[in-house]
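Subject: Handing over the structure

Hello,

Here is the structure I promised to pass on to you. Please have a look at it first, and then read on for what I found.

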Amino acid sequence: MNESFKYRKPQYVLCPIGTYFFSIKKTKIDSMEQEKLPIFPWKILIHWHKKSGRDHLPWRDYSIQENELIYRVWLSEILLQQTQVNRVIEFYNRMIHRFPTIHHLAKASYDEFFPYYDGLGYYSRARNLLKTA
């Protein structure tokens, strides 16, 4: 090994993955002042998901068709904006029961849709949800 490379003790760096951050080891090479980061930490991410993932959430039902799943994930993402998951689940389930596809939602009037949304807050979000559908 070349003696000009001196390694420091491993340090940790926050690695952004979506909206989450994971700690991964890094090594700094003194002579070149470069950072050697490991390849993307798939094993860490998969282990974290197995331990902490929320596969029980209703919008994570992967047994349905992809086009329906896309609608359900889209709906959940909008409802989850600035709202806690445990509050959204009840509203989400009622909306999916009444508006099972984006076509059903797109045909709904605000007056028809609002009772299923009422109580969730951020009412401009409800109007924008219908406009987007």
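What percentage of the 133 residues in the chain is buried? The answer is 26%. Please keep in mind that this is a predicted model.

Let me begin with the overall layout. The chain has 3 strands and 6 helices. Going along the sequence, the pattern is β-β-β-α-α-α-α-α-α. If you count the contacts with a separation of 6 or more, 40% of them join residues that are 24 or more positions apart.

Next comes the packing of the helices. Two packed helices are described by the angle between their axes and the distance between the axes. Helix 2 covers residues 66-79 and helix 3 covers residues 85-98. Their axes come within 11 Å and cross at roughly 140°, so helix 2 is oblique to helix 3. The crossing of these two helices is right-handed. On the helix 2 side, the residues in this contact are Tyr71, Arg72, Leu75, Ser76 and Leu79, and they meet Val88, Tyr92, Met95 and Ile96 of helix 3. Sorted by class, the contact of helix 2 with helix 3 has 7 nonpolar residues, 1 polar and 1 charged.

There is another helix pair to look at, helix 5 with helix 6. The axes of helix 5 and helix 6 come within 11 Å and cross at roughly 130°, which means that helix 5 is oblique to helix 6. The crossing of helix 5 and helix 6 is right-handed. Tyr110, Phe113, Phe114 and Tyr117 from helix 5 meet a set of helix 6 residues, namely Tyr123, Arg125, Ala126, Arg127, Leu129 and Leu130. In the contact of helix 5 with helix 6, 8 residues are nonpolar, 2 are charged and no residue is polar.

Now to the core. In soluble globular proteins, nonpolar side chains tend to be buried together. The largest nonpolar core of this model has 20 residues, and those touching the most other members are Leu75, Leu79, Tyr92, Met95, Leu105, Phe113 and Tyr117. At least two residues of this core come from each of helix 2, helix 3, helix 5 (110-117) and helix 6 (123-132). Helix 3 gives the most to this core, with 5 residues.

A few single residues are good places to zoom in. Setting aside neighbours within four places in sequence, Leu75 is in contact with Tyr92, Met95, Ile96 and Leu129.

Ile96 itself lies in helix 3. Is Ile96 buried or exposed? Ile96 is buried, because its relative accessible area is 10% and the cut-off for buried is under 20%. Beyond residues up to four places away in sequence, Ile96 touches Tyr71, Arg72 and Leu75. Ile96 and Arg72 are 24 residues apart in sequence, while their C-alpha atoms are 7.7 Å apart in space.

The last residue is Thr83, which is found in the loop between helix 2 and helix 3. Thr83 has 13% relative accessibility and therefore counts as buried. Which residues does Thr83 contact, leaving aside its neighbours within four places in sequence? They are Val88, Leu120, Tyr122 and Arg125. Thr83 and Gly121 are 38 residues apart along the chain, and their C-alpha atoms are separated by 8.6 Å.

Enjoy exploring it!

Best wishes

Conventions
Residues are numbered from 1 along each chain as its sequence is written. This is a predicted model: local features need pLDDT of at least 70, side-chain atom pairs count only at pLDDT 80 or more; totals for chains, interfaces and linings use all residues. Side-chain values use heavy atoms; hydrogens and water are left out. Axes are lines fitted to C-alpha atoms, for helices over the stretch in contact, and angles run from 0 to 180 degrees between N-to-C directions. Helices (H or I, at least four residues) and strands (E, at least two) are DSSP runs, numbered from the N terminus. Angles under 35 degrees count as roughly parallel, over 145 as roughly antiparallel, 65 to 115 as roughly perpendicular and the rest as oblique. A crossing is left-handed if the near helix is turned anticlockwise from the far one by less than a right angle, and right-handed if clockwise. Contact means heavy atoms within 4.5 Å. Ala, Val, Leu, Ile, Met, Phe, Trp, Tyr, Cys and Pro count as nonpolar, Asp, Glu, Lys and Arg as charged, and the others, Gly among them, as polar. A nonpolar core is a set of buried Ala, Val, Leu, Ile, Met, Phe, Trp, Tyr and Cys residues joined through side-chain atoms within 4.5 Å. Buried means under 20% relative accessible area, exposed over 50%, partly exposed in between (1.4 Å probe, protein chains only).
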